[in-house]
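Visitor: I am in my first year and would like to go through this structure by question and answer. Please keep the steps short.

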Amino acid sequence: MKIKPRLLLATLAGLCPLLAAPAAHAAWTLNLTPGVDQVSRDIYGLHMLAFWWCVAIAVVVFGVMIYSMARFRHSRGVVADTGLTHNTRVEIIWTTIPVLILISMAVPAARVLVETTDASGSQMDIRVTGYQWRWTYEYVGTGVKFVSSLDRMSDAARQLGSTIDPYSVPHYLLNVDHPLVVPAGVKIRVLVTGGDVIHSWWVPDFGIKKDAIPGYVNEAWFDVDPDKLGTYRGQCAELCGRDHGFMPVVVKVVSKADFATWLKQQQEAEKTQPPTAATSTSASAAAPAAALAAPSG
Ligand SMILES: [Cu+2]
């Protein structure tokens, strides 16, 4: 196929602004990040293990290939060696080595898989329910429950015909009005379910991506390192309808003392507020209509 020079030029011209675009590329980080708890670090470790095996295999395979092509090329008068065809010893070697490599990866992978599902000994339960298109969080046993929706600025900027520049909105489409607040250094179990269709609660820094399926409760857990206080962001990771891209997850990790204060404030607020659909109905009930009214647009 002949590439037209004008087409090539137009493509390059189109790519130039991308190369020059500021900051929007998360500092050009190409690799996964280790996250902020033990599970996410273990998952990262598995990823790096598989990655380095791939690098080693590529170096050996391509090395032998390139060496053979150069050393035994036809122009040097080399004749093909048929000794390797159906050679039992060679076949045993190239079956055994990959099996050993796979076992060396499968053992730690199985260990991490068991670890991710072991929520035993958790000190706190949070029920996470996905609705079209927001999340509700219920701190089991505390009476605190609230709805977490896309923040107003992002919601306004995303509207068709909006004159707001999305780049002027901090954390555009990745911010919510009420973030989930959790203490660091506490093993927290999340019970994930769906109130209408299938969603998926995904927070990469915690190594969690759990499907929120109506009628099922999926379990996951995280225990953020005490020194990793901060805000962590995620999204719904299951195509769940028109506004799937507009139901971010924001988790604020605070110290145990700050969390206790925050929880107390929430409980006080619950007491003084008249019960709304969002605070009085259980998560398994139908979507609380008043609190879950669709956002504008
Ligand atoms: Cu969703």
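Visitor: Is Leu173 buried, partly exposed or exposed?
Guide: The model is predicted, and the answer comes from a count of C-beta atoms. Leu173 lies in the loop between helix H4 (152-158) and strand E4. A buried residue needs 20 or more other C-beta atoms within 10 Å, and an exposed one has 12 or fewer. Leu173 has 17 such neighbours inside 10 Å, so it counts as partly exposed.

Visitor: What is the phi of Leu173?
Guide: Most residues other than glycine have a negative phi. Leu173 is not a glycine, yet its phi is positive. The value is about 65 degrees.

Visitor: Which residue in the loop between H2 and H3 has a positive phi, and is that residue buried or exposed?
Guide: The residue is His86, which sits in the loop between H2 and H3. Its phi is near 55 degrees, and it is not a glycine. The cut-off for exposed is 12 or fewer other C-beta atoms within 10 Å. His86 has 8, so the class is exposed.

Visitor: Where is the cis peptide bond that involves Trp133?
Guide: Most peptide bonds are trans. Trp133 is placed in the loop between strand E1 (124-131) and E2. The bond that leads into Trp133 has omega near 5 degrees, and this cis bond runs from Gln132 to Trp133.

Visitor: How are helices H2 and H3 oriented to each other?
Guide: The axes of H2 (residues 38-71) and H3 (residues 88-117) come within 10 Å and cross at roughly 165 degrees. Angles over 145 degrees count as roughly antiparallel. The crossing is left-handed. With that angle, H2 and H3 are roughly antiparallel.

Visitor: How many nonpolar residues are in the contact of H2 with H3?
Guide: The H2 side includes Val39, Ile43, Leu46 and Trp53, and the H3 side includes Ile101, Met105 and Val112. By class, the contact has one polar and two charged residues, and the nonpolar residues number 11.

Visitor: How far apart in space are Gln38 and Val224?
Guide: Gln38 is in helix H2. It is partly exposed, because 15 other C-beta atoms lie within 10 Å. In sequence, Gln38 and Val224 are 186 residues apart. From C-alpha to C-alpha, the distance in space is 7.8 Å.

Visitor: Which strands are the edges of the five-stranded open sheet?
Guide: The order of the strands is E3-E2-E1-E5-E8, with mixed pairing. An edge strand here pairs on one side only. The two that do so are E3 (144-148) and E8 (218-222).

Visitor: Which residue in E3 stands opposite Tyr139?
Guide: Strands of a sheet pair through backbone hydrogen bonds, either parallel or antiparallel. E2 (residues 134-139) and E3 run antiparallel and are joined by five bridges. Opposite Tyr139 in E3 stands Val144.

Visitor: In which sense does E10 pair with E4, and in which sense with E9?
Guide: Two sets of bridges have to be read. E4 (residues 180-183) and E10 (residues 249-254) share four bridges in the parallel sense, and Pro183 has Val254 as its bridge partner. On E9 (residues 230-236), Thr231 stands opposite Lys252 in E10. The sense is parallel with E4, and with E9, over five bridges, antiparallel.

Visitor: What share of the residues in the chain is buried?
Guide: The chain has six helices and 10 strands. It has 297 residues, and the buried share is 24%.

Conventions:
Residues are numbered from 1 along each chain as its sequence is written. This is a predicted model: local features need pLDDT of at least 70, side-chain atom pairs count only at pLDDT 80 or more; totals for chains, interfaces and linings use all residues. Two strands pair if DSSP finds at least two bridges between them. Axes are lines fitted to C-alpha atoms, for helices over the stretch in contact, and angles run from 0 to 180 degrees between N-to-C directions. Angles under 35 degrees count as roughly parallel, over 145 as roughly antiparallel, 65 to 115 as roughly perpendicular and the rest as oblique. A crossing is left-handed if the near helix is turned anticlockwise from the far one by less than a right angle, and right-handed if clockwise. Two residues are in contact if their C-beta atoms, placed from the backbone, lie within 7 Å. Ala, Val, Leu, Ile, Met, Phe, Trp, Tyr, Cys and Pro count as nonpolar, Asp, Glu, Lys and Arg as charged, and the others, Gly among them, as polar.
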